[in-house]
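Visitor: Got a minute to go through the aromatic rings in this one with me?
Guide: Sure, pull it up and ask away.
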Amino acid sequence: MARFTVITFGCQMNSHDSERIGEVLRGAGHAEAAGLDDADLVLLNTCSIREKAEQKLRSEVGRIALLKQKRPDLTIAVAGCVAQQEGEGLLKRMPDIDLLLGPDNIPELPRLLLEAEGAVAPVVRTAFDLAEPHFLAAAAEPGRTPVSAFVTVMKGCNERCTYCIVPHTRGPERYRPAREIIDEVRRLVAAGAREITLLGQTVNSYKDPLSELLPAPGAGEAPWQHTRGLRAREDESEFAALLRAIAAQVPELLRLRYTSPHPRHLTVSLIRAHQDLPVLARHVHLPVQAGSDRVLRRMLRRYSAAEYEERVAALREAVPGVTLATDMIVGFPGETEEDFEQTLGLVRRVGFSLIYGFKYSERPYTAAVNLGDDITEAQKIDRLARLIQLGDGMRTALLAEQVGTTQSVLFEGRGKTGALRGRTERSEIVHAAGPDELVGQLRSVLITGSYKNSLLGEVPGVPAEGPLPRPPLQKSQQAPRALPVVS
């Protein structure tokens with residue numbers, strides 16, 4: 001049996017897939033290697049959302065190919081979105097690859113490895129499971145289950161955003177039965193998980209394929225001024241009903257999160273779920289991508305800036321103190337300086353706690369390729385720097401405002417300094433000194449300081465044992481607190 005190591009690129013979905021890959025291989029009798037030099041099988045789980053991810057893949061394959069020259073029996077496998085996207089074409093550029101498999105083919109990995117052992121040519125398997133969707137459940141192994149675990153509720157995407165390759169690499173939307181999701185959450189909690197993050201490309205578009213969920217309060221209501229009634233009703237899903245079912249049937253769960261939702265599925269029923277369910281985190285990652293309606297139309301995002309802001313305002317009214325993170329693309333084809341200023345204006349009005357900013361890059365099989373990449377690299381770099389500067393200032397100020405407050409923190413483990421590391425229900429990272437027994441516990445923590453991207457805290461009544469966090473920022477290092485943040 002092979003000793004394997006998995007190298008992961010990309011998003012949380014890829015990280016989740018890599019965990020399932022490890023479980024599939026261990027279940028087939030393979031063992032994890034101590035490292036790359038000790039491995040018989042190296043599997044690279046790839047991402048193709050950004051151009052850099054493919055560049056990293058080429059670099060990694062080249063590095064591992066040097067090892068293969070010394071150890072001809074070493075197997076190189078490539079999984080994930082780049083494998084799905086490029087298929088056999090990837091083998092022409094990287095002939096050292098022995099096996100290619102797509103995200104839907106992970107359950108077949110042991111059989112595919114056996115085929116690759118005796119094959120003259122590389123083995124390629126990149127078929128979507130459209131007829132009978134298959135979702136790999138976590139093994140929920142005691143001792144291996146993390147405090148914060150992921151559960152997939154759907155895969156694929158029916159949106160057609162012009163810049164995005166996901167529909168090509170992950171296929172159309174397929175939903176997992178609610179009973180299976182709830183069962184996996186229950187097993188993970190029994191094995192030690194205390195927080196669950198539900199995963200999906202457009203996670204809040206979820207609909208139970210078995211139609212077993214009860215309608216959620218608020219379903220079908222559409223009081224929006226900026227979204228027409230028919231369109232608003234099309235935005236409805238059963239995601240809020242799923243959240244309520246998990247909360248009701250797994251009461252031992254301490255915290256529930258999800259990523260990544262689509263703004264048009266931030267419905268009244270979902271807002272009501274955030275209002276009613278204490279287990280649901282007071283934080284939402286809600287990608288907006290741009291603040292200009294002209295750019296949003298070219299991106300085919302299917303909402304306007306006014307629609308986005310209206311729904312965010314409704315969420316904040318229902319859940320005071322909720323924080324919002326977002327994704328943004330700068331330098332999209334045709335984006336003018338005026339368009340970009342509108343994006344900055346939306347950032348100032350909404351007041352995001354965290355912004356993931358990216359420069360636009362052409363991706364194959366996307367409609368935006370036909371628009372031409374007419375924004376210079378210098379313009380993209382400048383706009384991204386301005387966006388990040390604005391976002392970082394807001395984030396640092398929001399964190400500084402938490403000093404002196406008491407927050408509910410779920411401790412997940414230890415950070416780089418060895419101090420305890422946890423997250424508040426608003427998804428703010430907190431560092432504190434304390435014993436290992438706090439890991440997996442939800443505790444009230446006094447916030448005593450702030451960093452650029454996280455907080456410093458003390459657990460009342462608990463000795464500050466073990467490694468200490470680094471000192472917090474001084475006031476002179478912190479951003480001004482008087483930033484325009486809309487609540």
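Guide: One term to start with: buried means under 20% relative accessible area. Also, this is a predicted model.
Visitor: Okay, how many aromatic pairs does the structure hold?
Guide: There are six aromatic pairs. One of them is Tyr163 with Phe332: the ring centres are 6.4 Å apart and the planes sit at 85°, so that pair is edge-to-face.
Visitor: Where in the chain are Tyr163 and Phe332?
Guide: In distant parts, 169 residues apart. Tyr163 is in the loop between β8 (154-155) and α6 (166-170), while Phe332 is in the loop between β13 (323-330) and α13 (337-350).
Visitor: Is Phe332 buried or exposed?
Guide: Buried, because its relative accessible area is 0% and the cut-off is under 20%. Tyr163 is buried too, at 11%.
Visitor: Which residues do ring pairs link into a cluster?
Guide: Tyr163, Phe332 and Tyr360.
Visitor: Switching pairs: what about Phe239 and Tyr258?
Guide: Phe239 and Tyr258 are edge-to-face, with 5.0 Å between the centres and 80° between the planes. Phe239 belongs to helix α9 (residues 239-249) and Tyr258 to strand β11 (residues 255-259), with their positions 19 residues apart in the numbering.
Visitor: And why do those two count as buried?
Guide: Phe239 counts as buried because its relative accessibility is 1%, and Tyr258 because its value is 8%.
Visitor: New topic, charges. What lies over the face of Phe135?
Guide: That's Lys155, at 4.9 Å from the ring centre.

Note on methods. Residues numbered from 1 in each chain as written. Predicted model: local features only at pLDDT ≥ 70, side-chain atom pairs only at ≥ 80, totals over all residues. Heavy atoms only, no water. Phe/Tyr/Trp six-rings, centres within 6.5 Å; stacked < 30°, edge-to-face > 60°. Helix = DSSP H or I, 4+ residues; strand = E, 2+ residues; numbered from the N terminus. Buried < 20%, exposed > 50% of the residue type's maximum accessible area, 1.4 Å probe, protein only. Lys NZ or Arg CZ within 6 Å of the ring centre and 35° of its normal.
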